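Colleague: Could you take me through one part of this model slowly, as you would for someone in a first year of study? I would like to start from a single loop and then see how other parts are built.

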Amino acid sequence: MIAISDLLFRYPEGEFELNVPELEVAAGETVAVIGPSGSGKTTLLHLMAGIRLPQKGTVVTDEVEVTGLDDGARRDFRIRRIGMVFQEFELLEYLTVLDNILLPYRINGSLKLDGSVRERAVSIAEQVGIADKLNRLSTRLSHGEKQRVAVCRALIAEPVLLLADEPTGNLDPTNTLKVLDILLDAAEATGATLVTVTHDHDLLPRFDRSIDVMDLIDIKHDQGPTLPDSEHISSGPQITQIDADRGKENE
Ligand code: ADP
Ligand code: MG
């Protein structure tokens, strides 16, 4: 499902360098990605999704060499095939919870938004316990509620690959287990591959396999101290602005 080889990635600014000689994830596998803050977990997920492109090497996802696609094709591939739960949620502030969940259908013409999709959106929202907030603007939600909206949006288009970046990071123990079950059940029901970043080591036995980024990569050692995740100054994934603009166009 995912094959990375000889990958080298650097952000345009900063010293961070991610070097992944080899990584394979089989179709249908459920994988937990672990590693300290700043080790490159989010970067790795964005490379798998084709949100970022490496300077060297190849990323093949769902038999498509994403590193060989142009911007438009990569974006199209991502929306149709990948469900991504962003660490910072990346919800659109001017949309309601329901419209945030339905976003993949608003921004990709090949996904048809019909009654059954809306029903599925409501049903997933019920499962994660946010069905009573579907008509609320996403700005008027707690962190934990935003996180669950982000999970719903990742699942709505029944992706072949689910990439979840600390999807339970803001949740209480009950909701953590609920969301984990939903992700694992969704992957099992559709045969999707699931890659989840987590700091919660109690959850690891639930996955087929764990990947420690520190074992995987070859990080430069002169990058300075790593920061806690909440202190990251990130320019954010490129998807957000483009998708926000498209979302507006379709309103
Ligand atoms: P993790 O998810 O494991 O906490 P990240 O993948 O977010 O780590 O970040 C890896 C490293 O890259 C960190 O040192 C971080 O500061 C740096 N970094 C993250 N985003 C950017 C960016 N947009 N520009 C420059 N450096 C970045
Ligand atoms: Mg991260």
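Modeller: Let us begin with Asp62, which is found in the loop between β4 and β5 (64-65). Please keep in mind throughout that this is a predicted model. Asp62 has a positive phi of about 50°, although it is not a glycine, and because 16 other C-beta atoms lie within 10 Å of its own, Asp62 is partly exposed.

A useful companion to Asp62 is Phe89, which lies in the loop between β6 (82-85) and α3 (97-101). Phe89 is not a glycine either, and its phi is positive, at about 70°. Is Phe89 buried or exposed? Phe89 has 21 C-beta neighbours inside 10 Å, and a residue is called buried from 20 upwards, so Phe89 counts as buried.

A further loop, the one between α1 (41-49) and β4 (56-61), holds Ile51. Ile51 counts as buried because it has 22 C-beta neighbours inside 10 Å. Between Ile51 and Val66 there are 9.5 Å from C-alpha to C-alpha, while in sequence the two are 15 residues apart.

From the loops we can turn to helix α2 (residues 71-81), in which Arg74, Arg75, Arg78 and Ile79 are buried. Seen down the axis of α2, these buried residues fall within an arc of 125°, and therefore they line one face of the helix. An α-helix has 3.6 residues a turn, so residues three or four places apart point the same way.

Now consider a pair of helices, α6 (residues 143-156) and α7 (residues 173-190), whose axes come within 11 Å and cross at roughly 5°. Because an angle under 35 degrees counts as roughly parallel, α6 is roughly parallel to α7. On the side of α6 the contact is made by Gly144, Arg148, Val151 and Leu155, and on the side of α7 by Asn175, Val179, Ile182, Leu183 and Ala186. These residues divide into six nonpolar, two polar and one charged.

Two of the names just given return in the largest nonpolar core, which has 62 residues, for Val151 and Leu183 are listed among those with the most contacts inside it, together with Met48, Ile101, Cys152, Leu162 and Leu163. Helix α6 gives the most to this core, with seven residues. If we leave aside its neighbours within four places in sequence, Leu183 is in contact with Val151, Leu162, Ala164, Pro167, Leu194 and Thr196.

Definitions and conventions: Residues numbered from 1 in each chain as written. Chains lettered and ligands numbered in written order. Predicted model: local features only at pLDDT ≥ 70, side-chain atom pairs only at ≥ 80, totals over all residues. Axes fitted to C-alpha atoms, helices over the stretch in contact; angles between N-to-C directions. Helix = DSSP H or I, 4+ residues; strand = E, 2+ residues; numbered from the N terminus. Parallel < 35°, antiparallel > 145°, perpendicular 65-115°, else oblique. Contact = placed C-beta atoms within 7 Å. Nonpolar A, V, L, I, M, F, W, Y, C, P; charged D, E, K, R; others polar. Core = buried A, V, L, I, M, F, W, Y, C linked by C-beta atoms within 7 Å. Buried ≥ 20, exposed ≤ 12 C-beta atoms within 10 Å, placed from the backbone. Arc of directions from axis to C-beta.
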